[in-house]
2 protein chains.
Amino acid sequence: MGFPKVGVIGAGQLARMMAVPANDLGIGFTVLAAHNSDCATQVSDFVIGDYRDVTAVLDFARGCDVVTFEHELVPQSVIKELERTGVRVFPSASAFLYSQNKIAMREKMDELGLPNPDWQVFDGGEIHLSFPVIAKTPSGGYDGRGVFVANDRSELDEVFNAVKSPLLLEEKLNFDYEVSIMVARSPHGQAATWPATLTVQTNGICTSTITPVPQFNEQLGTLAGHIALTIAAGIGLVGVMAVELFVVADSLIINELALRPHNSGHWSIEGSVTSQFEQHLRAILDLPLGSTAMTAPFAVMGNVLGGEKTDMYRPYLHLMARNPNLKFHQYLKEVRLGRKIGHITLLGDDLLHLNREIEHAVDYMSGVIDE
Amino acid sequence: MGFPKVGVIGAGQLARMMAVPANDLGIGFTVLAAHNSDCATQVSDFVIGDYRDVTAVLDFARGCDVVTFEHELVPQSVIKELERTGVRVFPSASAFLYSQNKIAMREKMDELGLPNPDWQVFDGGEIHLSFPVIAKTPSGGYDGRGVFVANDRSELDEVFNAVKSPLLLEEKLNFDYEVSIMVARSPHGQAATWPATLTVQTNGICTSTITPVPQFNEQLGTLAGHIALTIAAGIGLVGVMAVELFVVADSLIINELALRPHNSGHWSIEGSVTSQFEQHLRAILDLPLGSTAMTAPFAVMGNVLGGEKTDMYRPYLHLMARNPNLKFHQYLKEVRLGRKIGHITLLGDDLLHLNREIEHAVDYMSGVIDE
């Protein structure tokens, strides 16, 4: 029994960052990329192919011991065909569904007795929710895409007529803040959570995270862990998953699931003994999971969003000189307005200082400030 | 000005580990490998070529913004030709000499007023040292190779007749223990040391390290830093360097220099805010250096040496289950007796516990113990 090889469907920054622990652990690593300009191809073996093409994916999988995903777009039919032909693929199609279909996810959370907002499926008929409501396309949305606020029936009908398929409607919660908790689970059923993370959102995009959640008391931390572990076991998760939660006073309400390494877990690269990327590899290979303890009292992560600047090298030179503790992650993606092109993490015990430094760093990288 | 590309001459585990921060920082990365079985080729772009062949090295360098080394075997003539043709290559030939030629190194340390053992060059004539002496070939030795103990003149002559070239003779010090200190320096002259590291040697090979040196008082720590910084500035170092030192009571005496990332700095991957591999990239690119602060009170690193076992996957599965805090680094080199094929690091505050766990882990990996 030698070292196994993992194949990742998708070649963006998540696959790129997963290549690091594969290198450390001696795990073979390859990615299925759409284009040779995809950013993981610069740091990994790769195959060019279309993730919707079952033949291409099966060909790719033949060279791998385990196949996993970097995004939710891989069709259920493709995953099921991998499973049918005996490919070890994690998460399984039946679990990955809850990352791909928000209606199926809401049904499953109800079944598990976990806290959903009020919700219903809308296909143009009656609604029992009060306006305003959140209307979501069941699949394909992220970073605020595919999510709409409808203040009245005419706005809702407008969305429905544009989308032309059933929508998930959810009550518009007046939440206090949003958090995320990462959890890993192996085929053996070993599971581990990290401390929950505050996700600071701007225009529907997560701009920064703080771990652990500063506002949390022990009870909320335990509750978040309980919810994440219940979902992981309930859906048969293998790999890592982000559970995004709304906080309303002392209640946690499930927002979304992502069955893959997630932006809200990037802090764990430096901030935890085991990063989400290493843990994902351990989980899908059924290796024992690593410790999820934090390496510092606080970890603050800021997303670098594409702005006016196209050169990202000179700004980080400036920032390195200013603060020798900043940890940079550059995805080498083409700079486009608002696109996540990198992130910066800082660890320490003075949260005010950490927040200020990260805010400065990402604003400087994006060109919002000049010095 | 976009992201630069670094080319490493050599494709062993040091180049392999340097690929990780290149990925994080968005730095392009390629290696000049002797064979496509060299372990860095699995995680990096690579070119096959002979590092002694100036044409091959020049071809390789044309695709890079900066060229550096992973080992000391690259001939001075090749490095000088790179410099002559305008390639940015770090360390420079004039600095790298002290990593390649132990006689030149001893002369330079004397010139810098730094603590050498008594030494002389021996070419078959008179000697002023008392036996026993250490006889070293000036170049090419490491891990105890090229180093001989001569108890009397006849043994020395025997070595000389076998080697057939001048030897460096050094007094055989009755030292208390051996330490190493890593230092980084940039073309701008910015320099930084990490805390010194105890290097535990078995049969001339470093088997484990403890950082910081438990026996050190503040004075010895400061002295080690002073020596490392003096050498770095004195030889015009660009990149990272290990300074190996003998400790005799309250004195530090220079043993050897290695102008590259070094086994005694592997602990810094998890144990320092900035690893030696990231710092080497920052230094040769003239980026501001990162913090060398430790992330835990102690970092213990154990080398996994090739033993009876050839399968290295199953043993680490066992060890991961035993201790979720162990950090594994597998080089994916062919297992040969006594060869460094990986390392394991553990951080914490209970040194006795850390030592015990690392000793167990490396003995189990090597097959010395069965459970």
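# Exercises on a two-chain model

100% of the interface residues of chain A are also interface residues in chain B, so the copies meet through the same surface. This is a predicted model, in which local features need pLDDT of at least 70 and side-chain atom pairs count only at pLDDT 80 or more, while totals for chains, interfaces and linings use all residues. Residues are numbered from 1 along each chain as its sequence is written, and chains are lettered from A and ligands numbered from 1 in the order in which they are written.

**Exercise 1.** Find which elements of chain A supply the side that touches chain B.

*Solution.*
- Step 1: apply the contact rule, under which the C-beta atoms of two residues, placed from the backbone, lie within 7 Å.
- Step 2: count the residues, which gives 30 from chain A and 30 from chain B.
- Step 3: assign them to elements, taking helices (H or I, at least four residues) and strands (E, at least two) as DSSP runs numbered from the N terminus. Helix 1 (13–25), helix 10 (313–322) and strand 16 (327–330) of chain A each give at least two residues to this side.
- Step 4: pick out the largest share, which is the six residues from helix 1 of chain A.

**Exercise 2.** State what rotation superposes chain A on chain B.

*Solution.*
- Step 1: superpose the copies by least squares on the C-alpha atoms of residues with pLDDT of at least 70 in both.
- Step 2: read off the rotation of 180 degrees, with 0.0 Å of shift along its axis and an RMSD of 0.0 Å. This is how a two-fold axis relates copies.
- Step 3: locate the C-alpha of chain A nearest the axis, which belongs to V20(A) and lies 2.9 Å from it.

**Exercise 3.** Describe the open sheet of four strands in chain A and the helices that pack on it.

*Solution.*
- Step 1: pair the strands, requiring at least two DSSP bridges between two of them. The order in chain A is 5-8-6-7, with antiparallel pairing.
- Step 2: find the edges. Strand 5 (119–122) and strand 7 (147–150) of chain A each have a single partner strand, so one side of each has no neighbour in the sheet.
- Step 3: give the twist, which averages 30 degrees from one strand to the next. For angles, axes are lines fitted to C-alpha atoms, for helices over the stretch in contact, and the range is 0 to 180 degrees between N-to-C directions.
- Step 4: add the helices. Helix 5 (residues 102–111) of chain A touches strand 5, strand 6 and strand 8 (167–171) of chain A, and makes about 50 degrees with strand 8. Helix 6 (residues 153–163) of chain A touches strand 5, strand 6, strand 7 and strand 8 of chain A, and makes about 150 degrees with strand 7.

**Exercise 4.** Examine the surroundings of strand 17 of chain A.

*Solution.*
- Step 1: sort residues by C-beta atoms placed from the backbone: with 20 or more others within 10 Å a residue is buried, with 12 or fewer exposed, and in between partly exposed. Eight of the nine residues of strand 17 (residues 340–348) of chain A are buried.
- Step 2: list partners. Eight bridges join strand 17 of chain A to strand 15 (residues 298–305) of chain A in the antiparallel sense, with V300(A) opposite L346(A). Four bridges join strand 17 of chain A to strand 16 of chain A, also antiparallel, with K327(A) the bridge partner of T345(A).

**Exercise 5.** Decide whether P212(A) is buried or exposed.

*Solution.*
- Step 1: place P212(A) in the loop between strand 12 (205–211) and helix 7 (218–235) of chain A.
- Step 2: count its C-beta neighbours inside 10 Å; there are 21, so P212(A) is buried.
- Step 3: leaving out residues up to four places away in sequence, P212(A) touches P195(A), A196(A) and G221(A).
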